[in-house]
Amino acid sequence: MMELWTSPTPNGWKVSIMLEELIEAGALTDEFEVRMIDLMKGEQFGDDFVERNPNQKIPTLRHNGRDLIESCSILQYLGETFPSDLLPLDERKWDVIPWVYWQAANVGPVFGNKLSYTRYMNDVPDEQKVHPLERFNTEALRLVSVLDRKLGDNPWVCGNGFTIADIALYPWIRGWKWSKVNITTKPRVMEWVDRVRARPGVERGLAYGVPKDEIDQWSEERKARTAKSGANMASNENVKDSIL
Ligand SMILES: N[C@@H](CCC(=O)N[C@@H](CS)C(=O)NCC(=O)O)C(=O)O
């Protein structure tokens, strides 16, 4: 039995895309349940959620009684449990896994912080945002350059095969307009974004919890709602109340 608790956010999309890509590859035929967690209502702080993920963040996956947290560890778990080309299980997996760690340790936190200061810190005075915005923007651009070099002339991050490294990276890079990280100087990265988006499994994975006509372009109402919920979550007061 498999249950995914998630939300339509970059870390959530990694796992929903993975499940749909596994179905596409014929590697996953089991039924699974998906529960959309309303982050704005604070469902990630509820007892039933925290029992599955003490870190109070989506996504979290329960499979055969085992709870998995951290989107990239879930990608690896699914890749190993349901073998497919998405994660080679011989020594070639070491061409892929370091780039999944690279995403988890660098692209996710840096793009996440850039996004947070760009869109969500409404109650922080502008002058206090100057340094973090510059810091995270510069680092995000550096990471995009690393991705550009890694892609080289290959279609996918780790060469000729689409893998969990592409799945880990795509949801953060696709949101470059929302996080205001200018990737347009890197045509190979732009083309890779389009190439990933064109995959049917990716299309279905992005649709979890989002109306079909808003997969690529959110409505103004959804943008405003997301910015408001992001501001609530980014508020230090709420973080203290919920964890300490
Ligand atoms: N490193 C974690 C990050 C998870 C994460 O930050 N999830 C966000 C949504 S993308 C979340 O649940 N935020 C709710 C909150 O901070 O209260 C992972 O990759 O799973």
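Which residue in S2 is the bridge partner of Glu3? It's Glu33, and that pair makes a handy starting point for a walk through this predicted model.

**View 1. Glu3 and Glu33, where S1 meets S2.** Zoom in on strand S1, residues 2-6, and you'll find S2 paired with S1 in the parallel sense. Five bridges hold that pairing in the count, and the one to look for here links Glu3 to Glu33 in S2. Helix H1 packs on the sheet, where H1 touches S1, S2 and strand S3 (60-63). The direction of H1 makes about 145° with that of S1.

**View 2. The whole sheet, four strands across.** Pull back a little and the order reads S2-S1-S3-S4, an open sheet with mixed pairing. Strand S2 (32-36) and strand S4 (66-69) sit at the edges, each pairing on one side only. From one strand to the next, the twist averages 15°. As a quick reminder, strands of a sheet pair through backbone hydrogen bonds, either parallel or antiparallel.

**View 3. Trp5 across from Thr60.** Here S1 pairs with S3, this time in the antiparallel sense, over four bridges. Look for Trp5, which stands opposite Thr60 in S3.

**View 4. The S3-S4 hairpin.** S3 and S4 form a hairpin, with two residues between the strands. Their pairing is antiparallel and runs over four bridges. Leu61 stands opposite Leu68 in S4. Don't skip the turn itself: Asn64 has a positive phi there, of about 50°.

**View 5. Backbone oddities in the loop between H2 and S3.** Two things are worth a look in the loop that runs from helix H2 (47-52) to S3, and Pro59 is placed in that loop. Ile58 and Pro59 are joined by a cis peptide bond, with omega about 0°. Gln56 lies in the loop between H2 and S3 too. Gln56 isn't a glycine, yet its phi is positive, about 60°.

**View 6. Around the ligand.** What surrounds the ligand? The shell has 14 residues, and those that come nearest are Thr9, Asn11, Lys57, Ile58 and Ser71. You've already met Ile58, the residue joined to Pro59 by the cis peptide bond. H1 and H3 each chip in at least two residues of the shell. By class, the shell splits into six nonpolar, six polar and two charged residues.

**View 7. Where the two domains touch.** The domain assignment puts 2-86 plus 204-215 of the protein chain in domain 1, and 93-199 in domain 2. Taken over C-alpha atoms, the domain centres are 20 Å apart. The contact draws 13 residues from domain 1 and 12 residues from domain 2. On the domain 1 side, the elements giving two or more residues are helix H1 (10-24) and helix H3 (71-81). H1 gives the most to that side, with seven residues. Sorted by class, the domain 1 side comes to seven nonpolar, three polar and three charged residues.

**View 8. H4 alongside H6.** How do the axes of helix H4 (residues 93-120) and helix H6 (residues 164-174) cross? They come within 8 Å and cross at roughly 10°, which makes H4 roughly parallel to H6. From H4, the residues in the contact are Val96, Trp99, Val100, Gln103, Val107, Gly108 and Phe111. They meet Ile164, Ala165, Ala168, Leu169 and Trp172 in H6. So who's in the mix by class? The contact of H4 with H6 has 10 nonpolar residues, two polar and no charged.

Key. Residues are numbered from 1 along each chain as its sequence is written. This is a predicted model: local features need pLDDT of at least 70, side-chain atom pairs count only at pLDDT 80 or more; totals for chains, interfaces and linings use all residues. Domain bounds come from an automatic or database domain assignment. Two residues are in contact if their C-beta atoms, placed from the backbone, lie within 7 Å. Ala, Val, Leu, Ile, Met, Phe, Trp, Tyr, Cys and Pro count as nonpolar, Asp, Glu, Lys and Arg as charged, and the others, Gly among them, as polar. A residue is near a molecule or strand if its C-beta atom, placed from the backbone, lies within 6 Å of it. Two strands pair if DSSP finds at least two bridges between them. Axes are lines fitted to C-alpha atoms, for helices over the stretch in contact, and angles run from 0 to 180 degrees between N-to-C directions. Angles under 35 degrees count as roughly parallel, over 145 as roughly antiparallel, 65 to 115 as roughly perpendicular and the rest as oblique.
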